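Here are my comments on the model you sent, set out as numbered points. I have kept to the domains, the ligand surroundings and the helix packing.

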Amino acid sequence: MKEIAIVGGGISGLFSAYFLHKSGHKVTVLESNKIGVECSYGNAGLIVPSHFEALANPGVLKKGLKWMLNPNSPFFLKPRFDLDLVKWIFRFNSFCTKKHVENNKYFLRDISLYSTALYKELLGNEDFDFDYKNTGLLMMCKEEKTLLEEEHLIKEANELGLKGKILNKEDIKKLEPNASFDVLGAAYYEDDGRVQPYDLIIAIKNYLESEGVVFKEDCKIEDINLSGSKIDSLVDDAGTKYVADEYIFATGVFTANIAKKFKLNIPMQGGKGFSFIVKKNDALNFSTPMILAEEKVAITPYDSYVRFAGTMMICGEDKTIVDRRVNNIRNASNNYINNSNIQKSDMEDLWAGLRPCSPDGIPYIGRSKEFSNLIIATGHAMIGISLGPSTGKIVTSLVNEEKPEIDIEKMNLYRF
Ligand SMILES: Cc1cc2nc3c(=O)[nH]c(=O)nc-3n(C[C@H](O)[C@H](O)[C@H](O)COP(=O)(O)OP(=O)(O)OC[C@H]3O[C@@H](n4cnc5c(N)ncnc54)[C@H](O)[C@@H]3O)c2cc1C
């Protein structure tokens, strides 16, 4: 049994805490805010084996310039003088290649399927309840060109062993008879699903607390005391010291600066996105999550409300909500869902979150070479909820000095 300090109470920190606790370790979670309220809060909650293409891909590069010049585009880079940002952009561009997608698609498929299997396994657990549904995911297309691109991706997904097909308007109607959409067709990825991310995090936290795991909120780790090739202790903003055998940093977008203290270069930018929820009504009476393919808006239905999420603004750590971009999400949704007519006054729980984005679109999970009791788990960009259970399992294997159940070489901390 080891004493473990986990810094960061998002999905990565919570699943690490869960599997470490189940493995017999004594865990403390240290969180600068409240548990689960940063990037893991208002995201779309999609569990997506369909996302086997890394964020850095030729499609993004091709559309990149057009998007940069359009204030209403779903992808935007806020220009600023920042050497880290400039380096990040150069690296990101260099990964927007077919070769990079090819090199990583098997890994992304494998880790996603591993994580999805863990979600399914956890459904039957007696520790905590959560709302996971294997709903599938619709990539809704208005334009012929996008539908053709989706056809190509579905073919590739099938070649990778993922279940999916192209649906025409009638097929969509059969799947969702109580709602109507202004689209040409959709790609339907059957392996995908969704969770309510914040409810899940709180369910894990409540269970762990009942088991004696300590959670410290409003506790920002500001100092790290190093002793030779080990971390000796952490100190929070109130001056309290924490000593453990192993230290896990699951600090999301904030990890890049923290890592510098460990002489680790893990480039990262915040990919800001927004979301809001709308109570269910006749127009929003559907149960399959969807992504509006041309607008990159994710729409996730729950029992009593629907969450709308979108936009990727590469913007450092600035979390300001930008009204125009939120309105773009609302307008795009109204354009695809017939009779939805979502008004500003219908929007609740307006939120902004910073996706921790590595330049190659691959997470960083591994043990430090310089500091033997340090493990980092971050950089999940758009798929952190999807990869939550796999992240927790991998971290636990690293602590236990066991071989993880999947190959983690692609995520190594020293690739830049
Ligand atoms: C609009 C939007 C939609 C998304 N949709 C999806 C989706 O459908 N599916 C999916 O899989 N992913 C989605 N994501 C991405 C997903 O939300 C993230 O990948 C994931 O939440 C990252 O989790 P994390 O635990 O690594 O980081 P976080 O949730 O950000 O947690 C890190 C925690 O560390 C804490 N911390 C940082 N520094 C310190 C410190 N010094 N001391 C103490 N605590 C510290 C922070 O306060 C924070 O709580 C979406 C993101 C956005 C913005």
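1. How far apart do the C-alpha centres of domain 1 and domain 2 lie? In this predicted model, the C-alpha centres of the two domains are 28 Å apart. The contact between domain 1 and domain 2 draws on 15 residues from domain 1 and 18 residues from domain 2. On the side of domain 1 that touches domain 2, there are 8 nonpolar, 6 polar and 1 charged residues.

2. For orientation along the chain, each domain is assembled from separate segments: domain 1 is given as 3-41 + 199-267 + 361-411, and domain 2 as 51-102 + 134-192 + 269-357.

3. Turning to the ligand, its shell consists of 39 residues, and the closest of these are Gly 8, Gly 10, Gly 252, Gly 273 and Gly 384. Helix H1, strand E14 (269-279) and strand E18 (348-357) are the elements that give two or more residues to this shell. By class, the shell around the ligand holds 16 nonpolar, 19 polar and 4 charged residues.

4. Where does the ligand lie with respect to domain 1 and domain 2? Because both domain 1 and domain 2 give residues to the shell around the ligand, the ligand lies between them.

5. Helix H1 (residues 11-22) packs with helix H10 (residues 388-399) at an angle of about 50°, and their axes are 7 Å apart; H1 and H10 are therefore oblique to each other. The crossing of these two helices, H1 and H10, is right-handed. On the H1 side the contact is made by Ile 11, Ser 12, Phe 15, Ser 16, Tyr 18, Phe 19 and Leu 20, while H10 supplies Gly 388, Pro 389, Thr 391, Gly 392, Lys 393, Val 395, Thr 396 and Val 399. Divided by class, the contact of H1 with H10 comprises 8 nonpolar, 6 polar and 1 charged residues.

6. Helix H10 also packs with helix H4 (residues 98-123), here at an angle of about 95° and with the axes 7 Å apart, which makes H4 roughly perpendicular to H10. From H4, the contact is made by Ile 111, Tyr 114, Ser 115, Leu 118, Tyr 119 and Leu 122, and from H10 by Gly 388, Pro 389, Ser 390 and Lys 393. The contact of H4 with H10 has 6 nonpolar, 3 polar and 1 charged residues.

7. When looking at H10 in the structure, it may help to follow Gly 388, Pro 389 and Lys 393, which are among the H10 residues in the contact with H1 and also among those in the contact with H4.

Key:
Residues are numbered from 1 along each chain as its sequence is written. This is a predicted model: local features need pLDDT of at least 70, side-chain atom pairs count only at pLDDT 80 or more; totals for chains, interfaces and linings use all residues. Axes are lines fitted to C-alpha atoms, for helices over the stretch in contact, and angles run from 0 to 180 degrees between N-to-C directions. Helices (H or I, at least four residues) and strands (E, at least two) are DSSP runs, numbered from the N terminus. Angles under 35 degrees count as roughly parallel, over 145 as roughly antiparallel, 65 to 115 as roughly perpendicular and the rest as oblique. A crossing is left-handed if the near helix is turned anticlockwise from the far one by less than a right angle, and right-handed if clockwise. Two residues are in contact if their C-beta atoms, placed from the backbone, lie within 7 Å. Ala, Val, Leu, Ile, Met, Phe, Trp, Tyr, Cys and Pro count as nonpolar, Asp, Glu, Lys and Arg as charged, and the others, Gly among them, as polar. A residue is near a molecule or strand if its C-beta atom, placed from the backbone, lies within 6 Å of it. Domain bounds come from an automatic or database domain assignment.
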